[in-house]
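User: Hey, got a minute to walk me through this fold? I'd like to start with the strands.

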Amino acid sequence: MVGAVCCRVDTTEPNSRRLYIMTLGCLYQYRRQGIGSKMLEHVLEYVTKHDTNFDSVFLHVQINNQAALEFYKQFGFEVTESRKNYYKRIFPPDADVLTKSLRK
């Protein structure tokens, strides 16, 4: 295994069903080979073709992880919020929330 993605259904907002990407990662030596893109494409295909009851997909990215921010923006994600002190054991502890709306 060289990569993994883990998601969960989030229903914390009333009248909204969102998919939360808890983690998406690829071993360093396998990055920039399209594996992360394939994993994310699989997730997005699932929520748009197989289970169309989702309003959006969202995730957290550490504010200094420019590569991840650019990666998700290529797939239509936008920074919708910033969270101070989101991470407990890494520096900087702040995170951006990236969201991709699935409703037109």
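**Strand pairing and helix packing**

Analyst: Sure. Cys7 has Ile21 in β2 as its bridge partner. Keep in mind that this is a predicted model.

User: And which residue in β2 is the bridge partner of Val9?

Analyst: That's Leu19.

User: So how many bridges join β1 to β2, and do they run parallel or antiparallel?

Analyst: Eight bridges, and the two strands run antiparallel. β1 covers residues 3-10, while β2 covers residues 18-26.

User: What stands opposite Leu19 in β3?

Analyst: Val57 does. Three bridges join β2 to β3 (residues 56-62), and that pair runs parallel. To get from β2 to β3, the chain passes through helix α1 (residues 35-50), a right-handed β-α-β crossover.

User: Zooming out, what's the strand order in the sheet?

Analyst: β1-β2-β3-β5-β4, five strands in an open sheet with mixed pairing. β1 and β4 (78-83) are the edge strands, each pairing on one side only. From one strand to the next, the twist averages 30°.

User: Changing topic to helices. Which strands does α1 lie across?

Analyst: α1 lies across β1, β2, β3 and β5 (95-101). Its direction is at about 165° to β2.

User: And α2, which strands does that helix lie across?

Analyst: Helix α2 (residues 66-73) lies across β2, β3, β4 and β5. There the angle of about 165° is to β3.

User: Quick general one: what do strands of a sheet pair through?

Analyst: Backbone hydrogen bonds, in either a parallel or an antiparallel arrangement.

Terms used:
Residues are numbered from 1 along each chain as its sequence is written. This is a predicted model: local features need pLDDT of at least 70, side-chain atom pairs count only at pLDDT 80 or more; totals for chains, interfaces and linings use all residues. Side-chain values use heavy atoms; hydrogens and water are left out. Two strands pair if DSSP finds at least two bridges between them. Helices (H or I, at least four residues) and strands (E, at least two) are DSSP runs, numbered from the N terminus. A crossover is right-handed if, with the strands pointing away from the viewer, the path from the first strand over the helix to the second runs clockwise. Axes are lines fitted to C-alpha atoms, for helices over the stretch in contact, and angles run from 0 to 180 degrees between N-to-C directions. Contact means heavy atoms within 4.5 Å.
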